[in-house]
Amino acid sequence: MDKIILEGGVPLNGTVAVSGSKNAALPLMAASLITPGRHVLHNVPDLRDTRTMLKVLETLGTRWSREGGTVYLDTSELTGAEAPYELVKTMRASVLVLGPLLARVGLARVSLPGGCAIGARPINYHVRGFEQLGVKTVLEKGYVEASAQGRLQGNVVYFDNPTVTGTENLLMASVTASGTTVIKNAAREPEVGNLIDMLVSMGAEIEGRDSDRLTVHGVERLAEAEATIIPDRIEAGTYLIAAAAAGGEVTVQGCIPDHLPSLVEKLRGTGIQIKEHDTSFTVTSPGWTEGSRNLRSVDIRTMPYPGFPTDLQAQFMALMTTAEGVSVIHETIFENRFMHVAELQRMGADIKIDGCTAIVTGKKRGELCGAPVMATDLRASASLVIAGLAAEGITEISRIYHLERGYENMAEKMRKLGARIKVVRE
Ligand code: EPU
């Protein structure tokens, strides 16, 4: 099994460039299915998940090629309408082909993703939303079979919770529906905005970008697309937290500082200095001074955007294990997103869990030490890297395929900042 071996206690210094956003790339790639033709996407990160999405598109007849960060997708031919279990089980975001397939041919058969390491994560809001647009759905042998007669019908769709991929799926399904669709309590994540920009550039009529109420006036057809994936705010946030934990001065380049309002506020609350520039941040962190830190604990509560992202909770918790005092961390989005806690405890962290709350008491240097640990999901893996950077000694992280789902060349990027980190392939 491939693993990461890293030695802690070394400050990070220098500049790191942010890749394109995984969670924006996936829906934008899926959106290319709406219109038969040639689409061009720039700044697509080369990750396990984007490769899986290419496989899903391939099974539907798409031909593609990649030149650097640019992916060319030819969706002229649609040879099927099914996303099989083998692919959906490795990446639940494969369900994003439901909306585009319904828009294009009124038919889709997609395996239900099942639970995952961070929670049950059903897709009932997506399914209910499609039904409100006139789609019939049947659950058979683990698959959702969705079909519609003719064009989908615009309607009002309300989500109990703002769902990111649910909003994206409904947007993609409704752009070519007849009449108007209103999505209430829609997700406002920047990745949704990126998708809206692509759809609008293809001729879709969508109002309410960045708000929780999206109005889509259906059009008969969309044109081919050329779009650019936004920088990955979660990757940027991960490097900011890593620099805060390791100490040093790091510039995180090629990001959109406006996309991380809550993280910046919380990091400043710990006493860390962050300068915001147009497309970068510079973070300066004191690191350890005589075994302890000039880093205060702060509390966080994960929330839909623009609240604190659940995708940065594990990384922030790793930072809090090194701060002075007690930090209370509430996870409100996913019911099981504390799998990293047991691994952080193996490195000496003091964390107590009570339901969806984790209480973290910061430790001094020397009390946190490297250990062999296991990655359980993507963001948990990143939190173990951060904990390893702040701990003393060697940390060995196994199951790094989780990390490779969502971080482009993390070890290489960290190494350029001075981290003693390597990937060992077995
Ligand atoms: N939910 C339902 N039913 C649904 C849909 C969602 O109950 O039909 C619940 C979920 O279980 C959760 C909440 O609603 O409690 C919000 O989930 P959401 O649907 O927004 O999550 P998602 O769209 O499946 C995306 C990201 C996740 C990120 C979440 C929350 C992509 C491909 N994935 O998932 O990213 O954590 O939004 O921001 O965009 C990651 O990158 O590590 C990752 C897990």
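**Briefing: a buried histidine, salt bridges, cavities and odd backbone spots**

His340 sits in helix H11, which covers residues 339-346. Keep in mind that this is a predicted model. Below is a quick tour: two buried side chains and their neighbours, then the salt bridges, the cavities, and a few backbone angles that deserve a look.

**Two buried residues and what they touch**

- His340 counts as buried because its relative accessibility is 1%, and the cut-off for buried is under 20%.
- Setting aside neighbours within four places in sequence, His340 is in contact with Gln313, Ala314, Met317, Thr376, Ala380 and Ser383.
- How far apart are the C-alpha atoms of His340 and Thr302? They are separated by 16 Å, with the two positions 38 residues apart along the chain.
- Asp311 is placed in the loop between E20 and H10.
- Asp311 is buried too, since its relative accessible area is 15% and anything under 20% falls in that class.
- Again leaving out neighbours within four places in sequence, Asp311 is in contact with Asn23, Ile234, Arg337 and Arg379.

**Salt bridges**

- How many salt bridges does the structure hold? The count is 22.
- One of them joins the side chains of Lys3 and Glu396, at 3.0 Å from N to O.
- Lys3 belongs to strand E1 (residues 3-7) and Glu396 to strand E25, so this pair ties together parts that lie 393 residues apart in sequence.
- Lys3 also forms a salt bridge with Glu426, where the closest N and O atoms are 3.5 Å apart.
- That second pair links distant parts of the chain as well: Lys3 is in strand E1, Glu426 is in the segment after strand E26 (420-424), and the two are 423 residues apart.
- Buried, partly exposed or exposed: where do these three side chains fall? Lys3 is buried, with a relative accessible area of 19%; Glu396 is partly exposed at 30%; Glu426 is exposed at 63%.
- The class of Glu426 follows from the cut-off, because exposed means over 50% and Glu426 has 63%.
- Over in the helices, the side chains of Lys22 and Asp49 meet in a salt bridge of 3.7 Å, N to O.
- Lys22 is in helix H1 (residues 22-31) and Asp49 in helix H2 (residues 48-59), so to speak a link between distant parts of the chain, 27 residues apart.
- Both ends of that bridge, Lys22 and Asp49, are buried.
- There is also a network of salt bridges, and its members are Asp2, Arg48, Glu404 and Arg425.

**Cavities**

- Rolling a probe the size of a water molecule over the atoms shows where empty space is left.
- In this model, the structure holds four cavities of 30 Å³ or more.
- What is the volume of the largest cavity? It comes to about 60 Å³.
- The residues lining the largest cavity are Thr321, Thr322, Leu344, Met347, Ala349, Leu368, Ala387, Ala390 and Ala391.
- Sorted by class, that lining has seven nonpolar and two polar residues, and no charged ones.

**Backbone spots to look at**

- As background, most residues other than glycine have a negative phi, and most peptide bonds are trans.
- Which peptide bond is cis? The bond from Tyr305 to Pro306 is, with omega near 10°.
- Pro306 is found in the loop between strand E20 (300-301) and helix H10 (313-320).
- Arg399, which is not a glycine, has a positive phi, near 60°.
- Look for Arg399 in the loop between strand E25 (394-398) and helix H13 (401-406).
- Arg399 counts as partly exposed, because its relative accessibility is 33% and that class runs between 20% and 50%.
- Asn409 is another non-glycine residue with a positive phi, in this case about 50°.
- Asn409 is in the loop between H13 and helix H14 (410-416).
- The relative accessible area of Asn409 is 45%, so Asn409 is partly exposed.

Conventions:
Residues are numbered from 1 along each chain as its sequence is written. This is a predicted model: local features need pLDDT of at least 70, side-chain atom pairs count only at pLDDT 80 or more; totals for chains, interfaces and linings use all residues. Side-chain values use heavy atoms; hydrogens and water are left out. Helices (H or I, at least four residues) and strands (E, at least two) are DSSP runs, numbered from the N terminus. Buried means under 20% relative accessible area, exposed over 50%, partly exposed in between (1.4 Å probe, protein chains only). A salt bridge is a side-chain nitrogen of Lys or Arg within 4 Å of a carboxyl oxygen of Asp or Glu. Contact means heavy atoms within 4.5 Å. On a 1 Å grid over the protein atoms alone, a cavity is a set of points where a 1.4 Å probe fits but cannot get out, and a pocket is an open set with protein on both sides within 12 Å along at least five of seven lines; lining residues have an atom within 4 Å of a point. Grid points are joined across faces, edges and corners, and a volume is the space filled by probe spheres set on the points. Ala, Val, Leu, Ile, Met, Phe, Trp, Tyr, Cys and Pro count as nonpolar, Asp, Glu, Lys and Arg as charged, and the others, Gly among them, as polar.
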